[in-house]
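Colleague: Got a minute? I'd like to go through this structure with you.
Modeller: Sure, let's put it up.

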Amino acid sequence: MKKIVVVATLLLSWSQAHALDVYIGTIETRNGKAHLIRCDLVKNEYILTDVDKSANGPVKRLMDKFGKQKPPIYAEVIGDYQEKDGKNILVAKAIQNIKQGKSCHLL
């Protein structure tokens, strides 16, 4: 119940112009960037970025703590999808339920 309230609060606090969603997957680091491999049939991949790149946002905190850890690292990202130069980007508002050694992929 607490998780639902947190997610609802985050969704309501974000501007109406942004479509936040919850993206569940595993985190991998490539070329110094965090990537979310979504737990869906086709394993959609997103580059994670913070809303404010100069601040200590959720992606920076994730990379500081888990950036050198071996995958899998399970996480739930609340973010806004964008496409830039043909790449899938998730602008992260929050990252929660991070678990080292857990995967949601069946294969």
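Colleague: Is Cys104 buried or exposed?
Modeller: In between: Cys104 is partly exposed, with a relative accessible area of 26%. Buried means under 20% relative accessible area, exposed over 50%, and partly exposed in between, using a 1.4 Å probe and protein chains only.

Colleague: What does Cys104 pair with?
Modeller: Cys104 forms a disulfide with Cys39, and their sulfur atoms are 1.3 Å apart. The two cysteines are 65 residues apart: Cys39 is in the loop between E2 and E3, Cys104 in the segment after E5. A disulfide here is a pair of cysteine sulfur atoms within 2.5 Å. Cys39 is partly exposed too, at 28%.

Colleague: How many disulfides are there in the whole structure?
Modeller: The search finds 1.

Colleague: What are E2 and E3, exactly?
Modeller: Strands. Helices (H or I, at least four residues) and strands (E, at least two) are DSSP runs, numbered from the N terminus.

Colleague: Where does the model come from?
Modeller: It is a predicted model: local features need pLDDT of at least 70, side-chain atom pairs count only at pLDDT 80 or more, and totals for chains, interfaces and linings use all residues. Residues are numbered from 1 along each chain as its sequence is written, and side-chain values use heavy atoms, leaving out hydrogens and water.

Colleague: Where is confidence lowest?
Modeller: In helix H1, residues 2-13, with a mean pLDDT of 56. Strand E3, residues 45-50, is highest at 96. The protein averages 85. pLDDT is the predictor's confidence in each residue, from 0 to 100. Where it is low, the predicted coordinates should not be read in detail.

Colleague: Which residues touch the most others in the largest nonpolar core?
Modeller: Ile27, Leu36, Leu48, Leu62, Val77, Leu90 and Ile95, out of 15 residues. E1, E2, E3, H2, E4 and E5 each supply at least two residues of this core. Such a core is a set of buried Ala, Val, Leu, Ile, Met, Phe, Trp, Tyr and Cys residues joined through side-chain atoms within 4.5 Å.

Colleague: Any odd backbone spots?
Modeller: Asn31 has a positive phi of about 50° although it is not a glycine. Asn31 sits in the loop between E1 and E2, and is exposed at 80% relative accessibility. Asp85, in the loop between E4 and E5, has a positive phi of about 55°. Pro71 and Pro72 are joined by a cis peptide bond, with omega about 5°.

Colleague: Why flag those?
Modeller: Because most residues other than glycine have a negative phi, and most peptide bonds are trans.
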